[in-house]
Amino acid sequence: MSRPIIVVPARLASKRLPAKALADIAGRPMIVRVWERAAEAGVGPVVVATDCAEIADAVRAVGGQAVMTDPLHASGSDRIAEAVAAIDPAGAHDLVVNVQG
């Protein structure tokens, strides 16, 4: 039986839509809506991996978990790898699901 963890990489430096993760969608930041949908799936714990305190604060304000990561990561996959290493150093989760916002 697998033990999945869902990780949502998020940053403010989006080139096509700056600050996309905090964009207001019907009164809630986009990243909060993504976190909520992922949590509702009931697959496993959901963590937002970010380099932005504002994103982390938005997620934590609704009871979510956010992990601060290095802002110099070249990709979301790098951000996810850092977050998983920080929150699951023993490797209890054997499957990582990358959910894009």
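Which loop is the place of Ala26? Ala26 sits in the loop between β2 and β3 (28-29). Keep in mind as you look around that this is a predicted model.

Ala26 is a good place to start, since its backbone does something a bit unusual. Most residues other than glycine have a negative phi. Ala26 is not a glycine, yet its phi is positive, near 50°. Ala26 also counts as exposed, because its relative accessible area is 70% and the cut-off for exposed is over 50%. Now step back along the chain to Ala19, in the loop between β1 and β2 (24-25). Ala19 isn't a glycine either, and its phi is positive too, at about 60°. With a relative accessibility of 33%, though, Ala19 counts as partly exposed.

From Ala26 you can hop straight to Arg33, which touches Ala26 along with Ile25 and Arg28, leaving aside residues up to four places away in sequence. Arg33 belongs to helix α1, residues 30-40. Its side chain reaches the backbone oxygen of Ile25 at 2.7 Å. How buried or exposed is Arg33? Its relative accessibility is 22%, so Arg33 counts as partly exposed. For a sense of scale, the C-alpha atoms of Arg33 and Gln65 are 14 Å apart, while 32 residues separate the two along the chain.

Next, head for the inside. The largest nonpolar core has 18 residues, and Ile31, Val48 and Ile55 are the ones that touch the most other members. Two or more residues of this core come from each of β1, α1, β4 (46-50) and α2 (53-61). Helix α1 gives the most, with 6 residues. Take Ile55 as an example of the packing: not counting residues up to four places away in sequence, Ile55 touches Ala10, Arg11, Leu12, Ala21, Leu22, Ile31, Val48 and Thr50. There's also a second, separate core of 8 residues, with Val47, Val67, Ile80 and Val84 among them.

Finally, look for the empty space. The largest pocket holds about 390 Å³. Which residues lie nearest its centre? They are Pro9, Ala10, Arg11, Lys20 and Gln100, out of 16 that line the pocket. Two of these names, Ala10 and Arg11, you've just met as contacts of Ile55. Strand β1 (4-10) and helix α3 (76-87) each supply at least two residues of the lining. Its makeup is mixed: 5 nonpolar, 6 polar and 5 charged residues.

Conventions. Residues numbered from 1 in each chain as written. Predicted model: local features only at pLDDT ≥ 70, side-chain atom pairs only at ≥ 80, totals over all residues. Heavy atoms only, no water. 1 Å grid on protein atoms, 1.4 Å probe; cavity = no way out; pocket = protein on both sides within 12 Å on 5 of 7 lines; lining within 4 Å. Points joined across faces, edges and corners; volume = space filled by probe spheres on them. Helix = DSSP H or I, 4+ residues; strand = E, 2+ residues; numbered from the N terminus. Nonpolar A, V, L, I, M, F, W, Y, C, P; charged D, E, K, R; others polar. Buried < 20%, exposed > 50% of the residue type's maximum accessible area, 1.4 Å probe, protein only. Contact = heavy atoms within 4.5 Å. Polar contact = N/O pair within 3.5 Å; in protein donor to acceptor, adjacent residues only side chain to side chain. Core = buried A, V, L, I, M, F, W, Y, C linked by side-chain atoms within 4.5 Å.
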